[in-house]
Amino acid sequence: MAALTASSGAASSGAAATAVMCRGVTKSFASAAGPVWALRGVDLEIPAGRVAMLVGPSGCGKTTLISVVAGILKRDAGTCHVFEADIEALPRRQQLDFRASTIGFIFQQFHLLPTLTVAHNVAVPLLINAVSRRHAIDRAHAMLEKVGLGGRGDDPPAQLSGGEQQRVAIARALVHAPKLIVCDEPTSALDHDTGMRIMALMRDVVVDEGATLLIVTHDNRIFPFADMMAHMDDGRIVDVRLNGGAAGAREALSGQ
């Protein structure tokens with residue numbers, strides 16, 4: 001199986017810390033006709049401080065894989081560690097604490113809470129991590145400014161367009177400075193210029209905070225922002241390639 005590793009062509013040496021390490025991961029779902037295999041022995045290694053993208057046809061297992069990595073789905077077999085922690089092996093309370101402090105999520109369906117304001121939605125990860133309400137709301141407003149939604153923090157999510165709601169979800173994933181940000185189609189509802197700006201922001205988080213991005217995407221407009229790309233098909237990683245990374249991001253932004 002292919003592995004996404006520093007030796008696959010990343011710019012730095014093998015001394016880089018490992019953000020994600022999966023070996024032989026399988027996952028199936030029950031059906032009347034028998035198990036349906038979503039993952040068929042995935043090997044995946046992502047050094048910390050990289051933007052890694054998972055690409056491939058619909059139904060090939062990309063979203064299942066990031067869900068296993070993030071500890072949302074239980075694997076059938078194999079091992080998976082995030083910054084050396086096997087989330088699945090932790091006690092339930094520690095699983096929740098680890099995800100809350102270490103992982104930021106950008107879901108395809110946004111999952112905003114309709115009864116909360118936009119700023120309160122963004123502040124949720126901070127409040128879960130025991131940040132004071134006032135400080136959490138201040139940081140939420142600052143992050144909304146970064147994603148181009150300054151002044152919308154007091155609005156309910158229903159007053160925002162689909163693209164604006166996606167930017168709220170992105171702000172929520174970034175606000176608590178997680179070490180790993182897991183994204184499922186983060187630019188699918190965004191126009192070109194906004195998508196480029198959001199990807200530039202997320203690359204800045206990688207550079208400034210040392211975070212790691214793991215992105216599932218079909219959006220070829222954002223491919224230049226990746227340091228490395230893993231191609232999936234039929235539940236397996238079939239190819240891993242070095243990508244443009246910072247240089248590719250500069251070229252994409254200059255072409256807006």
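**Group meeting talk: a walk through a predicted model**

Let's start with helix α1, whose buried residues are Lys 62, Thr 64, Leu 65, Ile 66, Ser 67, Val 68 and Val 69. Before I go on, please keep in mind that this is a predicted model. Back to α1: the helix is mostly covered, with 7 of its 8 residues buried. What does α1 lie across? It lies across β1, β2 and β4, and runs at about 60° to β2. Right after the helix comes Gly 71, and its phi is positive, near 80°.

Okay, now the sheet under discussion. It's an open sheet of 3 strands, in the order β2-β1-β4, and the pairing is antiparallel. Which strands stand at the edges? Those are β2 and β4, the latter being residues 77-82. Each of them has a single partner strand, so one side of each has no neighbour in the sheet. On average, and ignoring direction, neighbouring strands here are turned by 15° against each other.

If you want to follow one pairing by eye, take β1, residues 18-29, with β2: they pair antiparallel over 9 bridges. A handy spot to look at is Ser 28, which stands opposite Trp 37 in β2.

While we're on β2, which covers residues 36-47, have a look at Glu 45 in that strand. Is Glu 45 buried or exposed? It's buried, because its relative accessible area is 17% and the cut-off for buried is under 20%. Its side chain makes a polar contact with the side chain of Arg 23, at 3.2 Å.

Next, follow the chain out of β4. In the loop between β4 and α2, the helix at 92-102, you'll find Ile 87. This one is buried too, with a relative accessible area of 3%. So what does Ile 87 touch, leaving aside neighbours within four places in sequence? The list is Val 69, Ala 70, Gly 71, Val 82, Gln 95, Phe 98, Arg 99 and Ile 103. You've met two of those names already: Val 69 is one of the buried residues of α1, and Gly 71 is the glycine that follows α1. If you'd like a distance, the C-alpha atoms of Ile 87 and Ile 72 are separated by 9.3 Å, and the two residues are 15 apart along the chain.

Now let's jump to helix α4, residues 133-146, and do a little check together. It has 14 residues, and at 1.5 Å a residue it should span 20 Å. The C-alpha atoms at its ends are 20 Å apart, so the two agree.

Which residues of α4 are buried? They are Ala 136, Ile 137, Ala 140, Met 143 and Leu 144. Looking down the axis of α4, these buried residues fall within an arc of 125°, so they line one face of the helix. Here's the background for that pattern: an α-helix has 3.6 residues a turn, so residues three or four places apart point the same way. On the face turned away from the buried side, α4 carries the exposed residues Arg 134, Glu 145 and Lys 146.

What covers the buried residues of α4? The cover includes α3, at 118-128, and α5, at 162-174. For a close-up of the α3 side, pick Ala 119, which is found in α3. At 1% relative accessibility, Ala 119 counts as buried. Neighbours within four places aside, its contacts are Ile 137, Ala 140, His 141, Leu 144 and Gly 153. Ala 119 and Ala 140 are 21 residues apart in sequence, yet their C-alpha atoms are 5.5 Å apart in space.

Last topic: phi angles. Most residues other than glycine have a negative phi, and most peptide bonds are trans. Just after α4 there's a glycine with a positive phi, Gly 148, at about 85°. But there are also non-glycines with a positive phi. Ala 130 has one of about 70°, and it's found in the loop between α3 and α4. Glu 185 has one of about 55°, and its place is the loop between β6, at 180-184, and α6, at 192-209.

How do Ala 130 and Glu 185 sit, buried or exposed? Ala 130 is exposed, with a relative accessible area of 70%, whereas Glu 185 is buried, at 7%.

That's my tour, thanks for listening!

Key. Residues numbered from 1 in each chain as written. Heavy atoms only, no water. Helix = DSSP H or I, 4+ residues; strand = E, 2+ residues; numbered from the N terminus. Expected span 1.5 Å × (residues − 1). Buried < 20%, exposed > 50% of the residue type's maximum accessible area, 1.4 Å probe, protein only. Arc of directions from axis to C-beta. Contact = heavy atoms within 4.5 Å. Polar contact = N/O pair within 3.5 Å; in protein donor to acceptor, adjacent residues only side chain to side chain. Pairing = 2+ DSSP bridges. Axes fitted to C-alpha atoms, helices over the stretch in contact; angles between N-to-C directions.
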